[in-house]
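Work through the exercises below with the sequence and the 3D view open. Try each task before reading its solution.

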Amino acid sequence: MVTTNASVDFRRRSRPLGIELAAHLERQILNDIYPPGSLLPAEREMAESLGVSRTSLREALLELESKHLIERHHGKSTRVLPLNMETLAVQERLHSIEDRIQHVIEVEDLIEPGVARLAAQRATAADILQLEAIIDRSSEHLTPEASLDLDIDFHYTLARVTRNNFMLGISGLASERTRETRLLAHRTTESRSDVIAGHAAVLSAVIVQDADAAETAMRQHLEAVHRAMRQPASTED
């Protein structure tokens, strides 16, 4: 078990004590004072070492838990979690389906419009042929899983068109980690048809190298996809 540092003076804090404590402990975790897999000291010991109440300490630990930095077991030890994608993926599945959908929406809204804009600026004739081939293979009559495969292929290929390896890596990782949730947008014939139409609209803008139109088309495509993801399960084919 890792021992605590000397008491820290929080009396001149500008933020609530719980937030200050959480920030302090987070820095210690990120600086490997509490490395992944290590156990935090008992609450009583830690509170005394830091010179704070156990109530304030618990507020800080709840904040760290919400950030997936620690794992707490009532009446037992508190362990520092490893910061890897496998852990994050497992933790993501513990969220409600509503939260998981919202997480996918937030990621896609941040990434995909920018990808479409860059693709419109950088696509070659060969790139366009690849994107057209994906759309040609797409059909609302495919199974949800097969339709999703082509959906992911389209977005990954679009990211590759940006010629930005960081963008490609982020897009690929996001697709891999959100697959289960994104499948919700392919449950019905209508939703699969909407996905194809959205891809076609994005590609049309890419072909004429209209970055603004490509970004707008992507946002409209995502709006339709996200509506489909939120539809109740009873709407499945």
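The exercises that follow concern a predicted model, and each one has a worked solution.

**Exercise 1. Overall layout**

Task: Find how many helices and strands the chain has, and write their order along the sequence.

Solution:
- Step 1. Count the elements: there are 11 helices and 2 strands.
- Step 2. Read along the sequence to get the pattern α-α-α-β-β-α-α-α-α-α-α-α-α.
- Step 3. Add the burial figure: of the 237 residues in the chain, 43% are buried.
- Step 4. Look at the contacts between residues at least 6 apart in sequence: 71% of them join residues at least 24 apart.

**Exercise 2. The nonpolar cores**

Task: Describe the largest nonpolar core, and state which helices each supply at least two residues of this core.

Solution:
- Step 1. Recall a general tendency: in soluble globular proteins, nonpolar side chains are often buried together.
- Step 2. The largest nonpolar core in this model has 28 residues, and Phe154, Leu158, Val202 and Val206 have the most contacts inside it.
- Step 3. At least two residues of this core come from each of α5 (97–122), α6 (125–137), α7 (144–161), α8 (165–177), α10 (189–207) and α11 (211–229).
- Step 4. The largest share, 6 residues, is supplied by α5.
- Step 5. Take Phe154 as an example: leaving out residues up to four places away in sequence, Phe154 touches Leu131, Ile134, Ile135, His199 and Val202.
- Step 6. There is also a second, separate core of 18 residues, which includes Ile29, Met46, Ala47 and Leu64.

**Exercise 3. The pair α5 and α11**

Task: Decide whether α5 and α11 are roughly parallel or roughly antiparallel, and describe their contact.

Solution:
- Step 1. Two packed helices are described by the angle and the distance between their axes.
- Step 2. The axes of α5 and α11 come within 8 Å and cross at roughly 155 degrees.
- Step 3. Angles over 145 degrees count as roughly antiparallel, so α5 and α11 are roughly antiparallel to each other.
- Step 4. The crossing of these two helices, α5 and α11, is right-handed.
- Step 5. On the α5 side the contact includes Ile101, Glu108, Pro113 and Arg117, and on the α11 side it includes Ala211, Met218, Arg219 and Leu222.
- Step 6. Sorted by class, the contact of α5 with α11 has 11 nonpolar, 2 polar and 7 charged residues.

**Exercise 4. The pair α7 and α8**

Task: Repeat the analysis for α7 and α8, and list the residues that meet.

Solution:
- Step 1. The axes of α7 and α8 come within 8 Å, with a crossing angle of roughly 165 degrees.
- Step 2. That angle makes α7 roughly antiparallel to α8.
- Step 3. The crossing of α7 and α8 is right-handed.
- Step 4. From α7, Ile152, His155, Tyr156, Ala159 and Arg160 meet Met167, Leu168, Ser171, Gly172 and Ser175 from α8.
- Step 5. The residues of this contact divide into 5 nonpolar, 4 polar and 1 charged.

**Exercise 5. Two threonines**

Task: Place Thr157 and Thr181 in their helices, and decide for each whether the residue is buried or exposed.

Solution:
- Step 1. Thr157 is found in helix α7.
- Step 2. The relative accessible area of Thr157 is 2%, and the cut-off for buried is under 20%, so Thr157 is buried.
- Step 3. Apart from residues up to four places away in sequence, Thr157 touches Gln130, Leu131 and Ile134.
- Step 4. Thr181 is found in helix α9, residues 179–182.
- Step 5. The relative accessibility of Thr181 is 7%, so Thr181 also counts as buried.
- Step 6. Leaving aside neighbours within four places in sequence, Thr181 is in contact with Arg100, Ile101, Val104 and Met229.
- Step 7. His103 lies 78 residues from Thr181 along the chain, yet their C-alpha atoms are separated by 9.5 Å.

**Exercise 6. Positive phi in two loops**

Task: Examine phi for Arg163 and Gln209, then state where each residue lies.

Solution:
- Step 1. Most residues other than glycine have a negative phi.
- Step 2. Arg163 is not a glycine, and its phi is positive, near 60 degrees.
- Step 3. Arg163 lies in the loop between α7 and α8, and at 49% relative accessibility Arg163 counts as partly exposed.
- Step 4. Gln209, also not a glycine, has a positive phi of about 60 degrees.
- Step 5. Gln209 lies in the loop between α10 and α11.
- Step 6. The cut-off for exposed is over 50%, so Gln209, at 53% relative accessibility, counts as exposed.

Key: Residues numbered from 1 in each chain as written. Predicted model: local features only at pLDDT ≥ 70, side-chain atom pairs only at ≥ 80, totals over all residues. Heavy atoms only, no water. Core = buried A, V, L, I, M, F, W, Y, C linked by side-chain atoms within 4.5 Å. Buried < 20%, exposed > 50% of the residue type's maximum accessible area, 1.4 Å probe, protein only. Helix = DSSP H or I, 4+ residues; strand = E, 2+ residues; numbered from the N terminus. Contact = heavy atoms within 4.5 Å. Axes fitted to C-alpha atoms, helices over the stretch in contact; angles between N-to-C directions. Parallel < 35°, antiparallel > 145°, perpendicular 65-115°, else oblique. Left-handed = near helix turned anticlockwise from the far one by under 90°. Nonpolar A, V, L, I, M, F, W, Y, C, P; charged D, E, K, R; others polar.
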